[in-house]
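User: Please take a close look at the aromatic side chains of this model. I should like to know how they pair and what lies around them.

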Amino acid sequence: MAPKKKASAKAIGKDEEPAPQKEEPTVMKAAAKVMSAPKAAPEVEKRKADEKAEEPAKKEAKMEPKAKAAVKKEAESNPEVETDAPDDKRATLKDVVGFQPSDTTLNVISTMGGKVLMSLTEGGMQYLIAGARANVGMKAGRYMFEVKIVETLNPAEASAGARSRVPMPRQLLRIGFSAAASPLVLGDSEEHVFFDSEGSFWSGKKKTPAGQKFQRDQVIGVVLNLDPGSANANTLSIFREGQRISEPQPIPESLHGKTLFPHVSFRNVSLQVFSGKDPAMPLPFKCRAIGGAAEADVVKAASNTPKGGKYEVMLPVAFPDQGTFDWLDTFLAANPQYVELSDRKIIEWAASSGLLKPKAGPKHSNDKPEFNYGLPSMDDLSVRRVLNRVAPLVPRNYVVMEVKSNLIEAERKEILSRFNSSQFTKAAHVIMGEPTEEFKQMRLDKLLKDKQEKADAAWKAKKAEEKRKKEAAEKQKHLNEMRKKAEEARKKAAAEAKKKADEAKKKAEADKKKAEAAKRKAEAKKKAEEAGEEYIEEEEEEEDDEVKDEDQMDIDEDIKEEVKDEKDDEMEEEEEETEPPSVELTDEEKKMWMQPTSGSSDLTSAVLSQSFGKFTIPEQAEGFDELRFEWQGQDQSKDYLRQWVKERKRSSRIDDLQPGQWFQDKLKEWKGLLTQWQTKQKTYKVEEKKKLEAKKKATESDGDKAEDEESMEDEVNVFEVVDVCDVGNGKPLFKDFEFEDWALLQLRFELHLLQVAFKKDVDDPERVGVHDTHLSFYYSKYFRKQLTPKNFNVASNVELTTLVKDTVSWDEEEKVLRTPLEEDLTSNNIFVQLAEDNRRERVRRIEAGDETARLKFSPLALQQTPAAKATGAPPVAAGVVRPAGTWAGNNWGAGGAWAGNSGWGRW
């Protein structure tokens with residue numbers, strides 16, 4: 001149910017004081033009358049009550065006399081920069097300025113002959129910006145375009161489950177001009193120039209504050225000046241209630257000389273569009289509205305009404321990941337009159353409206369991207385439902401882009417049924433087979449671009465890592481230098497202290513020596529005087545006080561080391577690359593023009609596996625008026641589809657496949673037989689043991705004769721045995737089976753049964769067998785246990801099937817499981833015969849010295865399929881301990897698989 005649209009007195013840009021409210025033009029009174037006519041009396045009373053409740057807010061919104069005087073004084077102090085338009089006697093525009101459906105977004109509702117524009121607000125539509133471009137554009141002169149917000153809406157949003165904030169502002173208006181064929185949401189292109197209700201000016205995609213805000217019940221006009229003789233040529237101005245609220249803003253140079261069309265984008269508001277010849281609100285200067293423009297100054301948009309008056313609904317039919325969306329993008333670029341209906345376009349529209357693009361999850365695909373916005377009204381896909389209902393009502397050309405649905409007959413019919421109006425024709429574009437050379441080159445260019453982008457990203461990451469390492473090395477070098485300087489300062493201080501100490505010590509020693517020398521001299525002189533001899537002063541040896549300047553030597557060594565480090569750094573520096581290397585496609589990559597490029601797949605693997613079997617080529621009987629085959633003809637496309645589906649069937653997995661009753665019956669029968677055979681073997685061995693004890697009393701010759709008889713019995717041809725439980729004298733064919741033989745016996749039966757049951761359950765002649773990549777999956781699906789090759793002492797499923805190659809093998813061409821045995825066997829004796837034949841061959845090889853023939857299996861190699869609905873403990877598999885020595889057939893111990901007297905135990 002759509003949320004109720006409630007008119008609000010809350011202004012867009014409420015911090016600006018609104019101009020005095022004017023009396024609504026007659027057209028709005030008529031619109032209100034028309035819109036309210038069908039409502040019942042209670043609705044009228046409710047509306048009156050709402051209006052009465054809003055009266056206090058409206059009174060608060062009115063400008064005070066002082067504010068009016070301030071605005072008037074400001075206008076008088078800032079003289080208008082534009083001059084009056086001269087009289088123009090040229091012929092004026094005869095057509096009415098309006099909006100063609102093809103130049104409006106799908107949420108725009110045009111009423112009252114195009115004089116009122118409204119937008120849908122059901123569910124997530126409340127977040128999407130609506131856009132409408134007029135059908136008359138300017139190429140010269142100076143003209144104005146006016147609108148008025150007559151209603152602001154506050155659609156309800158469910159708060160439960162919301163994880164994100166809604167885009168702001170909730171109500172907005174953008175008004176300006178755009179080039180033909182540019183996007184319909186203003187702000188999405190460099191070919192847009194406009195003002196918004198928040199007081200900003202947008203030139204292309206660049207936003208700058210340049211004006212004042214505006215709100216409901218105010219006439220907003222924009223003046224585009226393309227007059228080359230004017231001082232304000234190539235500028236855009238905005239006026240509120242006839243008063244300028246922004247200086248003339250220059251339009252981008254890229255728009256100079258282009259025809260520019262009036263354009264509005266809005267969200268959660270309703271607009272009145274003034275399309276008359278004269279301005280609805282006079283300006284400080286004389287200026288004509290675009291509705292009264294000279295014919296020579298305007299260009300009328302080409303009518304998109306097709307020949308015959310019928311629009312086309314086109315369905316592209318192509319295989320997933322085979323250039324589907326690439327072909328569509330090329331088609332839309334060449335045919336801009338078509339509107340794409342798809343989830344990816346909804347995502348793009350939401351992004352243009354301020355919603356962050358959701359992150360891709362596990363269910364994301366190009367065909368059905370995930371709506372993970374954190375807003376219930378967006379995530380519930382209500383936008384898609386609304387568009388599916390609205391699109392058939394709006395006459396225009398559509399491309400319905402549904403990869404999966406367009407390949408399935410029933411879903412194609414459902415799509416066509418929505419467009420059952422006579423104003424539409426339906427066409428299918430089949431894009432299958434080998435594409436054109438032009439398309440191949442386009443795909444290769446895209447592949448090269450993706451490869452170059454990856455190379456660029458890797459190069460940038462490498463340079464960033466090198467820069468990080470270099471900065472870390474420089475930082476470490478700086479730290480080392482700081483440590484070195486600190487160490488040098490410490491050494492210098494220590495050296496100076498040591499030098500002072502040495503000097504003091506030397507001085508003290510020198511003083512002591514001088515004193516001793518003076519004493520000796522005095523004594524020698526006295527002694528000479530006493531002896532009456534002449535005193536001769538002896539020359540004292542000067543002590544060599546030369547001291548090596550160790551500090552200077554250390555400094556020299558440090559300088560040498562620094563010079564060496566600088567040279568090493570210069571040698572290590574290599575010439576840095578300033579641009580990432582260019583890449584080229586290899587010969588193998590040049591053959592990949594049909595392979596998907598980077599990004600998501602067109603369909604998830606689960607969706608593809610569930611639906612591809614229903615893919616068909618469209619037929620006119622489905623409701624199509626025309627079939628177009630883009631790359632190959634109809635016969636070639638059908639053959640391509642048949643081969644593609646066949647290959648896909650052979651290699652794809654059926655996730656929802658369930659074992660049939662035939663399989664259940666055969667498995668139940670096998671369990672009974674296996675228990676019977678094992679019980680028979682056990683009974684025979686007990687009896688054989690008693691016989692052997694009796695034979696010990698016989699003569700040696702009798703024993704030799706018994707051995708000869710047993711040897712002769714072993715030579716019986718196993719494939720001639722009729723009863724495997726009695727090949728003669730009550731001896732079973734499987735009397736010598738050991739654990740490994742029973743495990744291989746069961747493996748033979750299970751793989752044969754799996755292959756036959758699979759073909760019966762899928763009931764499709766094109767699915768000839770279990771594909772090698774899905775053997776473990778189907779084995780687990782049917783037998784409810786895991787197929788683990790390592791339990792059989794091998795590494796892969798291929799090696800595992802080699803152990804029972806007499807029962808199953810792999811088709812080398814189609815990579816599927818095959819069996820040489822009959823599919824509907826009347827008896828399971830063949831598996832015992834093959835197991836016994838294989839055992840005898842293995843024994844002969846071991847006796848000949850070939851130890852590679854000896855088998856060593858894990859106890860987990862022999863597991864039974866658990867009951868379909870187990871109510872007790874799960875089957876005992878893990879934890880079984882293999883007994884030491886050779887399996888003797890008696891039991892596996894208390895906790896094993898073999899349960900002695902009870903036969904086959906708790907598997």
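Analyst: **Aromatic pairs and their surroundings**

The count comes to 27 aromatic pairs, where rings of Phe, Tyr and Trp (its six-membered ring) pair if their centres lie within 6.5 Å; planes under 30 degrees apart count as stacked, over 60 as edge-to-face and the rest as tilted. One of the pairs is formed by Phe439 and Trp631: the ring centres are 4.8 Å apart and the planes stand at 50°, so this pair is tilted. It links distant parts of the chain, 192 residues apart, with Phe439 in helix H9 (residues 437-531) and Trp631 in the loop between E22 and helix H12 (634-651). Helices (H or I, at least four residues) and strands (E, at least two) are DSSP runs, numbered from the N terminus.

This is a predicted model, in which local features need pLDDT of at least 70 and side-chain atom pairs count only at pLDDT 80 or more, while totals for chains, interfaces and linings use all residues. Residues are numbered from 1 along each chain as its sequence is written, and side-chain values use heavy atoms, with hydrogens and water left out.

Phe439 is buried at a relative accessible area of 6%, and Trp631 at 14% also counts as buried; buried means under 20% relative accessible area, exposed over 50%, and partly exposed in between (1.4 Å probe, protein chains only). The rings of Phe734 and Phe737 form a further tilted pair, because their centres are 6.3 Å apart and their planes lie at 55°. Phe734 and Phe737 are both buried. Ring pairs join these two with Trp670, Trp677, Trp742, Phe749 and Phe831 in a cluster.

Charged side chains also meet aromatic rings. The charged end of Arg174 sits over the ring of Trp202, 5.3 Å from its centre, and Lys760 lies over the face of Trp662, at 5.0 Å from the ring centre. The criterion is that NZ of Lys or CZ of Arg is within 6 Å of the ring centre and within 35 degrees of the ring normal.

Aromatic residues also belong to the nonpolar interior. The largest nonpolar core has 65 residues, and Trp327, Tyr398, Phe419 and Phe615 are among those with the most contacts inside it, as are Met125, Met378 and Met432. Strand E18 gives the most to this core, with six residues. A second, separate core of 52 residues includes Phe783, together with Ile654, Val762 and Leu817. Such a core is a set of buried Ala, Val, Leu, Ile, Met, Phe, Trp, Tyr and Cys residues joined through side-chain atoms within 4.5 Å.
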